[in-house]
Amino acid sequence: MGLFDTEEEKAAKEAARAEEERQAEERRAAQQAERGRRAFLATPVGQATVAKESSTERVFLSGENTSVSGRTVGIYLFRNTDHPMPATK
């Protein structure tokens, strides 16, 4: 056993270090995605999405109707102005 690593040992150590860095980056990305998901679920839209998903799952799993309790955050009304209706006489 010598004092210095051979080229093969250096290459193996470098490959192991690169793999560890890749795995660490994947863990960081997964943690960031989870933080983003939790932040979204904390919003009213996220909570409504979860309620909708869970009630849909229950309908399909049990075959029973379910209701979702909550409050209306807001509504949007849109008018199609691309093709206006002709004036009636």
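These are my notebook entries on the helices, surface and salt bridges of one protein chain.

**Entry 1: the overall picture**

I noted at the start that this is a predicted model. I looked up the secondary structure next. The protein chain has two helices and zero strands. Helix α1 covers residues 7-42. Helix α2 covers residues 44-62.

Then I turned to the surface. The protein chain has 89 residues, and 3% of them count as buried. It exposes about 8,800 Å². Carbon and sulfur atoms supply 57% of that area.

**Entry 2: salt bridges**

How many salt bridges does the structure hold? I found nine. I looked up some of them one by one.

**Entry 3: E26 and R22**

I began with E26, which forms a salt bridge with R22. Their closest N and O atoms are 2.3 Å apart. Both residues lie in helix α1. They are four residues apart there, about one turn of the helix.

Are these two buried or exposed? E26 has 45% relative accessibility, so I logged it as partly exposed. R22 comes to 38%, so it is partly exposed as well.

**Entry 4: E34 and its partners**

E34 took more of my time. I found it in a salt bridge with R37. The closest N and O atoms of that pair are 3.0 Å apart. R37 and E34 both sit in helix α1, three residues apart. That spacing is about one turn of the helix.

I also found E34 in a salt bridge with R38. Here the N to O distance is 2.8 Å. How many residues separate R38 and E34 in helix α1? They are four apart, so about one helical turn lies between them.

I checked the exposure of this group too. E34 is partly exposed, because its relative accessibility is 28%. R37 is also partly exposed, with a relative accessible area of 43%. R38 reaches 57%, and exposed means over 50%, so I wrote it down as exposed.

**Entry 5: a linked group**

Which residues are linked with R17 in a network of salt bridges? I noted E14 and E21.

**Entry 6: A48 and T72**

I moved on to helix α2, where A48 lies. Its relative accessibility is 46%. Partly exposed runs from 20% to 50%, so A48 falls in that class.

I then compared the position of A48 with that of T72. The two are 24 residues apart in sequence. In space, their C-alpha atoms are 9.6 Å apart.

**Entry 7: what I keep**

I keep three points. The chain has two helices and zero strands. The structure holds nine salt bridges. E34 meets both R37 and R38.

Definitions and conventions. Residues numbered from 1 in each chain as written. Predicted model: local features only at pLDDT ≥ 70, side-chain atom pairs only at ≥ 80, totals over all residues. Heavy atoms only, no water. Salt bridge = Lys/Arg side-chain N within 4 Å of Asp/Glu carboxyl O. Buried < 20%, exposed > 50% of the residue type's maximum accessible area, 1.4 Å probe, protein only. Areas by Shrake-Rupley, 256 points an atom, 1.4 Å probe, with all protein chains shown as cover.
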